[in-house]
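Hi,

Here is the structure I promised to pass on. Have a look, and then read my notes below.

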Amino acid sequence: MDRVGLGFDSHRFTPGRPLVLGGVPIDHDAGLAGHSDGDAVLHAVTDAILGALAAGDIGEHFPDSDPQWAGVDSSRFVEHAVKLAAGRGLIVGNCDVTVLAERPKLGPHKQRMRERIAALLGVDASAVSVKAKTGEGMGFVGAGEGLAALAVVSLREA
Ligand code: MG
C-alpha cells in the first residue's frame, strides 16, 4: 500500500554562507543559517520521507546538539531516510516540492534541483517536481528574512 508524507522547513538567510538548495549550490549574496548546510529543501524532503514512514522527524534522527552534523551536506539526511524506507521494503514513488523564496529567483535552478533530488531518491527526474513561489512581499519570506520549503513524498512497495 502506498504511503504519503509531508515535510516543511524554513531557515533564515545569513551572509557569508554558501546557498545550497535541493543539493544544488546557488549563487547568491547569502546562505541559510543552520547547524547543517541549511538546505531547507532537502530537510523538507527528508521529513516527508520520515513522515511517510511515521518514523519521527529530522531533528530526532540528526539532533542539532550533535557536532557530527555541523555543516554537513544535507544529502546525507535524505540518503538516511531513503535507506530507512528501503529497510521496510519501500521505495519512493514521487516527490513534489514547493520552495517559498523572494530571492534569489529559482526558475533557472529548478531543473538542476529536480535532477539532484531524483538522484538522491533513486528515481527518475520525471518523478520529482520542484516549484517556486514568492511570498508576494508578505511575511518572513516576502521580507527576505528567510525561505521555506514544503515537500510531499509517496512511498510504495519495492
Ligand atoms: Mg532545517
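A bit of vocabulary to begin with: two strands pair if DSSP finds at least two bridges between them, and strands (E, at least two residues) and helices (H or I, at least four) are DSSP runs, numbered from the N terminus. Bear in mind that this is a predicted model, where local features need pLDDT of at least 70, side-chain atom pairs count only at pLDDT 80 or more, and totals for chains, interfaces and linings use all residues. Residues are numbered from 1 along each chain as its sequence is written, and side-chain values use heavy atoms, with hydrogens and water left out.

Strands: strand 7 (residues 146–157) pairs with strand 1 in the antiparallel sense over ten bridges, and valine 4 stands opposite serine 154 of strand 7. Strand 5 (residues 90–100) also runs antiparallel to strand 7, joined by ten bridges; there, valine 97 has alanine 151 as its bridge partner.

Then the metal. The magnesium ion has Asp9 (OD), His11 (NE2) and His43 (ND1) as protein donors, 2.0 to 2.2 Å away. Donors are N, O and S atoms within 2.8 Å of the metal (3.2 Å for Na, K and Ca); water is not among the atoms, so sites may look incomplete. Histidine 11 lies in strand 1 (residues 3–14) and histidine 43 in helix 1 (residues 40–53), so the pair ties together parts 32 residues apart in sequence. Both histidine 11 and histidine 43 are buried, meaning under 20% relative accessible area (exposed is over 50%, partly exposed in between; 1.4 Å probe, protein chains only).

Cheers
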